[in-house]
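Student: Could we go through this structure together? I would like to begin with its open spaces and then turn to its interior.

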Amino acid sequence: MRDFLVIRFSAMGDVLLTLPVLVQATEQNPDVRFIVLTRPKFAVFFEGYDRISVYPADVDKEFKGFLGLWRLVARLKSDYDFEAILDLHEHLRSKIIKRLFFGLPKFTLEKGRADKKALTRKENKQRKDLPHACERYAKVLHEAGIVFELKSFGQAQNYFRALPVLPFQKKGKWVGLAPFAQHEGKIWPFEKIDALIQTLPSDFSILLFGGGAKEVGLLKPLAEKYANVVLVAGQFALKTELSLISALDAMLCMDSSNMHMAALAGVPTVSIWGATHRQAGFGPFGNQGHRFVEISTAELPCRPCSVYGNKPCFREDYACLNRISPAQVSQELIAAI
């Protein structure tokens, strides 16, 4: 068996996008095994695969700093005999880890920073479709001698395995709403969510997904207001949320980790795009009826102004998000089901 160490600590969406690449590589290479070095909370994504295992590393506490990484690498060396190191993060922490694996071949992600900067700059943008993140990951594996074809089209599939049973019975159509993202440039104005719910058929069951306490606090009044709205955010473990997402008939989301979870679960996604753009290479993976709601670059040539949505709006009004109406989103969501 050929063992490869795969490094990707964050962010959640980027870790998720390693999954289809590693799965397809193992399906086409019976002698290859991947050990994924990542944060403990992301281990659930890789459960159920015989030749993909997670080495959970708490790099904020147990393995913090250079000495912590030294201990981490020492443990990995004692547990495995790696053929090569695959750095799918290209970060200071992963660079240190690679240095500590003396003598082993190392292969590193090429992020294409110059092309992304040219795509998102204010003037004279160079608009072109950049390689998808999964294609960039696959290239690293190819360079390490792992021969496989990355297939992104065809029948939708659920990449998540070993999921628990649903916490409640499914009746009728289930629509997921995940209205948040990490950065402001990706988030459709939250006040429009209420108006959107009112446009959807009353026989839809609407499941609200989110993250921390602040998001739960915003979503809870919606669940209390509408009989067909269920608060999922903050109520279940991530593994159970994956089961619920897998059972959806469609998911409305931002350019976010929830989008990637839904897409990798084989669920039709309707995603709202503001400051970011799929041309940067972070669109949903697969071909299960993805629909995109956005203001065209002809109308707003400032788009995209950011790869991750974390830069200030050039116009200072986020017209790319504010101009999207609940009616537009509702139309796409109903059509996706």
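**Pockets, cavity and cores**

Tutor: The largest pocket has a volume of about 970 Å³. Please keep in mind that this is a predicted model.

Student: Which residues lie nearest the centre of the largest pocket?

Tutor: Ala-11, Met-12, Gly-13, Gln-182 and Ser-257 lie nearest its centre, out of 37 residues in the lining.

Student: And which helices supply at least two residues of that lining?

Tutor: Helices H1, H5 (133–143), H8 and H9 each do so.

Student: How do the lining residues of the largest pocket divide by class?

Tutor: There are 15 nonpolar, twelve polar and ten charged residues in that lining.

Student: What about the second largest pocket: how much space lies in it?

Tutor: The second largest pocket holds about 430 Å³. Its lining comprises 19 residues, with His-132, Phe-153, Gly-283, Pro-284 and Gly-286 nearest the centre. By class, seven of the lining residues are nonpolar, nine are polar and three are charged.

Student: Changing topic, how many cavities of 30 Å³ or more does the structure hold?

Tutor: It holds one, and the volume of the largest cavity is about 70 Å³.

Student: What lines the largest cavity?

Tutor: Its lining has 13 residues, and those nearest the centre are Cys-302, Arg-303, Cys-305, Cys-313 and Cys-320. Nine residues of this lining are nonpolar, one is polar and three are charged.

Student: Now the interior. Which residues have the most contacts inside the largest nonpolar core?

Tutor: Phe-34 and Phe-45 do, within a core of 59 residues. Helix H1 (residues 12–28) gives the most to this core, contributing eight residues. Apart from that core lies another, of 37 residues, which includes Val-175, Ala-181, Leu-252 and Val-293.

Student: What does Phe-34 touch, leaving aside residues up to four places away in sequence?

Tutor: Phe-34 touches Phe-4, Val-6, Leu-22, Ala-25, Thr-26, Arg-51, Ile-52, Ser-53, Leu-86, Leu-141 and Ile-146.

Student: Is there a general background to such cores?

Tutor: In soluble globular proteins, nonpolar side chains tend to be buried together.

Student: Back to H8, then. Which of its residues are buried?

Tutor: In helix H8 (residues 238–246), the buried residues are Thr-240, Glu-241, Leu-242, Ser-243, Leu-244 and Ile-245.

Student: And what covers the buried residues of H8?

Tutor: The cover includes strands S6 (174–178), S7 (205–208) and S9 (250–254), together with helix H9 (257–264). Both H8 and H9 also supply residues to the lining of the largest pocket.

Conventions:
Residues numbered from 1 in each chain as written. Predicted model: local features only at pLDDT ≥ 70, side-chain atom pairs only at ≥ 80, totals over all residues. Heavy atoms only, no water. Core = buried A, V, L, I, M, F, W, Y, C linked by side-chain atoms within 4.5 Å. Buried < 20%, exposed > 50% of the residue type's maximum accessible area, 1.4 Å probe, protein only. Helix = DSSP H or I, 4+ residues; strand = E, 2+ residues; numbered from the N terminus. Contact = heavy atoms within 4.5 Å. 1 Å grid on protein atoms, 1.4 Å probe; cavity = no way out; pocket = protein on both sides within 12 Å on 5 of 7 lines; lining within 4 Å. Points joined across faces, edges and corners; volume = space filled by probe spheres on them. Nonpolar A, V, L, I, M, F, W, Y, C, P; charged D, E, K, R; others polar.
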